[in-house]
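Good morning, and thank you for coming. I should like to take you through one model, and I ask you to keep the structure in view as I speak.

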Amino acid sequence: MTSPDMPRDGDHTGPPGRFAEDLVGLDPDDPEARAFAAHLDRMERVGPPAFTVEGQLAGVRDFAESANRAGGARRLAAVVLVALVLLGTGFVIFEALEVVLGAAF
């Protein structure tokens, strides 16, 4: 005998979606619950292997997204890291051009 307020086997009383079991008891319209679901999605995302160009670009995208979410000292560290990478890249390009132009002339 079943009562009308008891869920049946096919009924879903929790939030729909991929992380329904993890979000039971949370309001699906709550911004913090949505942020938690987005965090779970990032943690379980399967992307291209890291040794491919697509994998490297996905890693850069993930770094940029996390740097944009960060604040304070972590954001400053991300900005300094990007500046150092760009400075090193510029130096290598300048040295390569110097070698190429020196050999050509």
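**Helix 1 and its faces**

The buried residues of helix 1 are Ala 33, Ala 37 and Leu 40. Viewed down the axis of helix 1, these buried residues fall within an arc of 60°, so they line one face of the helix. On the other side of helix 1, Pro 31 and Glu 32 are exposed. I should say at once that this is a predicted model, and that what I report is to be taken in that sense.

Helix 1 covers residues 31–44, which makes 14 residues. From its first C-alpha to its last it reaches 20 Å, close to the 20 Å expected at 1.5 Å a residue.

Let me now place this helix within the chain. The chain has three helices and zero strands, and along the sequence it follows the pattern α-α-α. Of its 105 residues, 10% count as buried.

I turn next to the charged side chains. Side chains of opposite charge can pair when their charged atoms come close. How many salt bridges does the structure hold? There are three salt bridges in the structure.

One of them joins the side chains of Arg 34 and Asp 29, with an N to O distance of 3.5 Å. Is Asp 29 buried or exposed? Asp 29 has a relative accessibility of 56%, and because the threshold for exposed is over 50%, Asp 29 counts as exposed.

Arg 61 takes part in a salt bridge with Asp 62, at 3.8 Å from N to O. Arg 61 also forms a salt bridge with Glu 65, where the closest N and O atoms are 3.9 Å apart. Arg 61, Asp 62 and Glu 65 are thus linked in a network of salt bridges.

Where do Arg 61 and Glu 65 stand in relation to each other along the helix? They are four residues apart in helix 2, residues 53–69, and are therefore separated by about one helical turn. As for accessibility, Arg 61 is partly exposed, with a relative accessible area of 40%. Asp 62 is partly exposed at 34%, and Glu 65 is partly exposed at 32%.

The last topic is the packing of helices. Two packed helices are described by the angle between their axes and the distance between the axes. For helix 2 and helix 3, the latter comprising residues 73–104, the angle is about 140° and the axes are 8 Å apart. How, then, should we class this arrangement? Angles over 145 degrees would count as roughly antiparallel, and helix 2 and helix 3 are therefore oblique to each other. Helix 2 passes helix 3 in a left-handed crossing.

One residue of helix 2 deserves a separate word, namely Ala 64. At 36% relative accessibility, Ala 64 counts as partly exposed. The C-alpha atoms of Ala 64 and Val 82 are separated by 9.8 Å, and these two residues are 18 residues apart along the chain.

To close, I return to the two points with which I would leave you. The buried residues of helix 1 line one face of the helix, and Arg 61, Asp 62 and Glu 65 are linked by salt bridges in a network. Thank you for your attention.

Methods: Residues are numbered from 1 along each chain as its sequence is written. This is a predicted model: local features need pLDDT of at least 70, side-chain atom pairs count only at pLDDT 80 or more; totals for chains, interfaces and linings use all residues. Side-chain values use heavy atoms; hydrogens and water are left out. Helices (H or I, at least four residues) and strands (E, at least two) are DSSP runs, numbered from the N terminus. The expected span of a helix is 1.5 Å times one less than its number of residues. Buried means under 20% relative accessible area, exposed over 50%, partly exposed in between (1.4 Å probe, protein chains only). The arc is that of the directions from the helix axis to the C-beta atoms. A salt bridge is a side-chain nitrogen of Lys or Arg within 4 Å of a carboxyl oxygen of Asp or Glu. Axes are lines fitted to C-alpha atoms, for helices over the stretch in contact, and angles run from 0 to 180 degrees between N-to-C directions. Angles under 35 degrees count as roughly parallel, over 145 as roughly antiparallel, 65 to 115 as roughly perpendicular and the rest as oblique. A crossing is left-handed if the near helix is turned anticlockwise from the far one by less than a right angle, and right-handed if clockwise.
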